[in-house]
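Here's an informal walk through a small protein model. Have the sequence and the 3D view open side by side, and follow along.

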Amino acid sequence: MSSDNANQPSPLAAKAKQLNLPPEMQTQMDTLAPEENEGCHISNDTSAVETFFDVLLADTQLTEPQRIQLAQARINMLSSATTLATMTRDLATLPADGHTGELKQYFD
């Protein structure tokens, strides 16, 4: 039974696959970990990423490219190299209204 579990993707990896994230992003899900960021909110961890993925998967108004772009932005938040300016640039092509706009506000 434990060997079966070893072959099973993590819940985060399974959700990344459901979101159709690029294969290179899917493979990094099992090793994803937040970097130590001074002053960073405690909710910036892999469980918060998984919860955000749940929101993306449940939202039927988002297009697949929008889901992927928002998921990538949320993953990038775990990196200390990601700044608000970088995040704003990465999300600039998404609409500011509707569900997409509401989810963009999450990153502000």
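A residue is called buried when its relative accessible area is under 20%, exposed when it is over 50%, and partly exposed in between (1.4 Å probe, protein chains only). By that yardstick, buried residues account for 32% of the 108 residues in the chain. Keep in mind that this is a predicted model, where local features need pLDDT of at least 70, side-chain atom pairs count only at pLDDT 80 or more, and totals for chains, interfaces and linings use all residues. Residues are numbered from 1 along each chain as its sequence is written, and side-chain values use heavy atoms, with hydrogens and water left out.

**The overall layout**

The chain has seven helices and zero strands, so read here as DSSP runs (H or I, at least four residues, for helices; E, at least two, for strands) numbered from the N terminus. Walking from the N terminus, the order is α-α-α-α-α-α-α. A contact means heavy atoms within 4.5 Å. Among contacts between residues at least 6 apart in sequence, 64% join residues at least 24 apart. The chain exposes about 6,800 Å², and carbon and sulfur atoms supply 52% of that; the areas come from the Shrake-Rupley method with a 1.4 Å probe, and for residues only the protein chains shown count as cover.

**Helix α5 and its buried arginine**

Helix α5 covers residues 64-76; at 1.5 Å a residue its 13 residues should span 18 Å, and the end C-alpha atoms are indeed 18 Å apart. The expected span is 1.5 Å times one less than the number of residues. Its buried residues are Gln66, Arg67, Ile68, Gln69, Leu70, Ala71, Ala73, Arg74 and Ile75. They pack against α3 (23-28), α4 (46-58), α6 (84-91) and α7 (98-105).

What is the nearest side chain of opposite charge to Arg67? It is Asp59, 5.4 Å away, and Arg67 is buried yet has no salt bridge. For the charge count, Lys and Arg are positive and Asp and Glu negative, while His and the chain ends are not counted. A salt bridge here needs a side-chain nitrogen of Lys or Arg within 4 Å of a carboxyl oxygen of Asp or Glu. Leaving aside residues up to four places away in sequence, Arg67 touches Leu19, Leu56, Leu57, Asp59, Thr60 and Leu62.

**Helices α4 and α7**

On α4, the buried residues are Ala48, Val49, Phe52, Phe53 and Leu56. They cover an arc of only 145 degrees around the axis, which puts them on the same side of α4. The arc is taken from the directions from the helix axis to the C-beta atoms. The cover over these residues includes α2 (11-18), α5 and α7. As for length, the 13 residues of α4 should span 18 Å at 1.5 Å a residue, which agrees with end C-alpha atoms 18 Å apart.

On α7, the buried residues are Thr100, Gly101, Leu103 and Lys104. Seen down the axis of α7, they fall within an arc of 165 degrees, so they line one face of the helix. The face turned away from the buried side of α7 carries the exposed residues Glu102 and Gln105. Covering the buried side of α7 are elements including α4, α5 and α6.

**Salt bridges**

How many salt bridges does the structure hold? There are three, listed here with their closest N and O atoms.

| Positive residue | Negative residue | Closest N and O atoms |
|---|---|---|
| Lys15 | Glu50 | 3.1 Å |
| Lys15 | Asp54 | 2.6 Å |
| Arg89 | Asp90 | 3.2 Å |

Salt bridges that share partners join Lys15, Glu50 and Asp54 into one network. Is Lys15 buried or exposed? At 15% relative accessibility, Lys15 counts as buried. Lys15 lies in helix α2 and Asp54 in helix α4, so that pair ties together parts 39 residues apart in sequence. Glu50 is partly exposed at 22% relative accessibility, and Asp54 is partly exposed at 35%. In the remaining pair, Arg89 is exposed, with a relative accessible area of 57%, while Asp90 is partly exposed at 28%.

**One backbone detail**

Asn20 sits in the loop between α2 and α3. Its phi is near 60 degrees, a positive value in a residue other than glycine. At 41% relative accessibility, Asn20 counts as partly exposed.
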